[in-house]
Amino acid sequence: MSASTSPRTVAIAVDSSDLSEKAFDWFMDNVFHEGDKLVIIHSYEWLSPAIPEMIASNAWEKQIEKRDKTVKSLEKKYRRKCKALKLEAKIVVEGGPPGQVICKITEQEQASFIVLGSRGEGTVRRTILGSVSDYVIHHTHVPVVTVPAFVPNPPGKESS
């Protein structure tokens, strides 16, 4: 990065999938510039039970504990990865529809672009259910890098 270029803020959307980790690693290997500021975004969608009485149930409490454990594990994983790379990253965890949360945090943090993994779902499934990457591409005002499930190594670079 040249001295006249200001640092970029990069939003990286993650979940607990291997594809999210792959997108993070791909960004670090191929796009990262010294001085980049990382904002790692995780959104979880939490649906209330259909029957309000279930909120007071033991099963509901266990679901909340499971979600909290998953979120803490994910935060720890990306803090560890950033520490190993000697990077500081802001980790933002927020409940809500993932696409909306990613777009909102990206705007709040004034990120230059977004990196996220793509599950490569089929056309029918994506049309009916939608996809996070599709939502983000159509609702953000910054470039989006979607890393597919399979990315070949660039010429001259061996698999790690």
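Let me begin with cysteine 82, which is buried, at a relative accessible area of 3%, where buried stands for under 20% relative accessible area, exposed for over 50% and partly exposed for what falls in between, computed with a 1.4 Å probe and protein chains only. Cysteine 103 is buried as well, with a relative accessible area of 9%, and the structure holds 0 disulfides, a disulfide being a pair of cysteine sulfur atoms within 2.5 Å.

Before going on, I should say that this is a predicted model, in which local features need pLDDT of at least 70 and side-chain atom pairs count only at pLDDT 80 or more, while totals for chains, interfaces and linings use all residues. Residues are numbered from 1 along each chain as its sequence is written, and side-chain values use heavy atoms, with hydrogens and water left out.

Now the overall picture. The protein has 5 helices and 5 strands, taken as DSSP runs numbered from the N terminus, with H or I over at least four residues for a helix and E over at least two for a strand. Read from the N terminus, the order of elements is β-α-β-α-β-α-β-α-α-β. Of the 160 residues, 32% are buried. Where contacts join residues at least 6 apart in sequence, 77% of them link residues at least 24 apart, contact meaning heavy atoms within 4.5 Å.

Let me turn to helix α1, residues 18–30. Its 13 residues, at 1.5 Å a residue, should span 18 Å, and the end C-alpha atoms are indeed 18 Å apart, which agrees; the expected span is 1.5 Å times one less than the number of residues. Which residues of α1 are buried? They are Ser20, Ala23, Phe24, Phe27 and Met28. Seen down the axis of α1, these buried residues fall within an arc of 135 degrees, so they line one face of the helix, the arc being that of the directions from the helix axis to the C-beta atoms. The cover over the buried residues of α1 includes β1 (9–13), β2 (37–44), α2 (58–84), β4 (113–117) and β5 (144–147), whereas the face turned away from the buried side carries the exposed residues Asp18 and Asp29.

Finally, I come to lysine 37, which lies in strand β2 and, at 49% relative accessibility, counts as partly exposed. Its C-alpha atom is separated by 4.6 Å from that of threonine 9, although the two residues are 28 apart along the chain. Setting aside neighbours within four places in sequence, lysine 37 is in contact with Pro7, Arg8, Thr9 and Val10.
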